[in-house]
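These are my notebook entries on one structure. I set down in order what I looked up.

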Amino acid sequence: MDALLVVNAGSSSLKFQVFGIAGMDLTRQIRGKIDGIGTKPRLQATAADGSRLIDQTYDAKAVRDLPTAIAEARRWLLTLEGFKLRAVGHRVVHGGPDYVRPALIDAGVLDRLASYQDLAPLHQPNNLAPIRMAMEINPGVPQVACFDTAFHRGHAEHTDCYALPRAFYDEGVRRYGFHGLSYEYIAERLREVAPRAARGRVIVAHLGSGASMCALREGRSVESTMGFTALDGLPMGTRPGQLDPGVVLYLILQKGMKAQAVSDLLYHDAGLKGLSGLSNDMRDLLASDDPHAALAVAHFVYRCVLNAGMLTAALGGVDAFVFTAGVGENSAPIRARIVEGLAWLGAELDPAANEAGAMLISAAASRVAVHVLPTDEELMIARHTLALISAPNA
């Protein structure tokens, strides 16, 4: 069977999926991941029918970093029979000002993407590591980069610029937006399950360890809560979200912190983790009776509601609201609190549907339809990869 491999590499995990190809049709064959890299490594994979293919734990030293995790995943994938690998699709968080659509990777493209590492230090180096390894091991297999920024690149210039001298914009200092693969999938999924909403004004809340929101008009991004980097917008697991630049100046000039220390704080020790002092996991915070945990949750909900107001202004109103990603798909209490904060827009919750995790969780009388839709970034990457390698000039 001809197959595509999709790779989504993070700082402590490596997710991969295998899709069978029949013409332009894709069929998911395998879902797998290695998580706990460097601490409690575990390789898991399931077949299309849900049956377990492997569940193996490792000593922390055996899978100590992303390269060793990639090597271990590759070793296991090579034991599979019946698959002929046609291409590998990769999630790449930052495409910078140059890449507005998926790209076939060569050495020049890889060098260009590496130049954006300072814009996404948590993600970009990890996204590029499996690409380098794959290019060395299988140089004849096409590698395709699919960008989280590309979906937002059609914004009007006045919405994406900062009030800085023009030279900064020209060199790439502008609002990019992220989670684009997720938003693109949700836009397509809405056309199937709620076509009327898909043709209108929609706010999508991608709420997970990384969190953002996007305003869609007729399925196209018009505004996002994230900007130049993935630090902006909503508070996240370990990132602060919107922050007065003066705070960074204060940390450097008054507290004497070095740039790297400030970067570590903003990427690793802020957000829900920093505010609560307990955890970056929303489940832990909701289960805790510590007042700092309650403060972190309240702050997260408040900022979600506040940013929904901003996106509503960008759209000139809102017809539907969609929850997706880990927290959005699985946390009924967070969904309930956010929808309660959107009552001024006419959003009204159906509590029973929300608790059940239904696809439509708004009450019949709600003026804003509220949906819960699982995202599927890996399928989006597979579609882009197949389209690119199947193009006549590929």
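Entry 1. I began with Thr-159, bearing in mind that the model is predicted. I found Thr-159 in helix 4, which covers residues 157–160. I then asked which residues touch Thr-159 once its neighbours within four places in sequence are left aside. The contacts are Arg-175 and Glu-223. I also checked the side chain of Thr-159 for a polar partner: one of its polar atoms lies 2.7 Å from the backbone oxygen of Ala-156. For scale, I took the separation of Thr-159 and Asp-376, which is 217 residues in sequence and 28 Å in space, C-alpha to C-alpha.

Entry 2. I turned to the domains. The domain assignment gives domain 1 as 2–147 and domain 2 as 196–372. To their contact, domain 1 contributes five residues and domain 2 contributes six. I noted that the centres of domain 1 and domain 2, taken over C-alpha atoms, are separated by 28 Å.

Entry 3. How much area is buried between domain 1 and domain 2? I read off about 500 Å², with carbon and sulfur atoms giving 71% of this area. On the side of domain 1, the residues that lose the most area to domain 2 are Leu-119, Pro-121 and Leu-122, which together account for 76% of what that side buries. I sorted the domain 1 residues that touch domain 2 by class and obtained three nonpolar, two polar and no charged residues.

Entry 4. I searched the interface of domain 1 and domain 2 for salt bridges, and the rule finds zero there. I also looked for residue pairs in polar contact between domain 1 and domain 2, with both residues at pLDDT 80 or more, and that count is zero.

Entry 5. I next counted salt bridges without restriction to the interface, and the rule gives 18. I recorded one of them in detail: the side chains of Arg-91 and Asp-148 meet at 2.7 Å, N to O. Where do the two partners, Arg-91 and Asp-148, sit in the chain? Arg-91 belongs to strand 6 (residues 84–92), while Asp-148 is in the loop between strand 8 (143–147) and helix 4. The pair is 57 residues apart and links distant parts of the chain.

Entry 6. Last, I consulted the UniProt record. The unreviewed entry places the feature "binding site" at Asn-8 and Glu-377. These positions are spread over 370 residues of sequence, yet they cluster in space, with a largest C-alpha distance of 9.0 Å. I located Asn-8 in strand 1, residues 2–9.

Definitions and conventions:
Residues numbered from 1 in each chain as written. Predicted model: local features only at pLDDT ≥ 70, side-chain atom pairs only at ≥ 80, totals over all residues. Heavy atoms only, no water. Helix = DSSP H or I, 4+ residues; strand = E, 2+ residues; numbered from the N terminus. Contact = heavy atoms within 4.5 Å. Polar contact = N/O pair within 3.5 Å; in protein donor to acceptor, adjacent residues only side chain to side chain. Domains from an automatic or database assignment. Buried area = accessible area lost by both parts, 1.4 Å probe. Salt bridge = Lys/Arg side-chain N within 4 Å of Asp/Glu carboxyl O. Nonpolar A, V, L, I, M, F, W, Y, C, P; charged D, E, K, R; others polar. UniProt positions renumbered as here; feature names shortened; annotations may be inferred.
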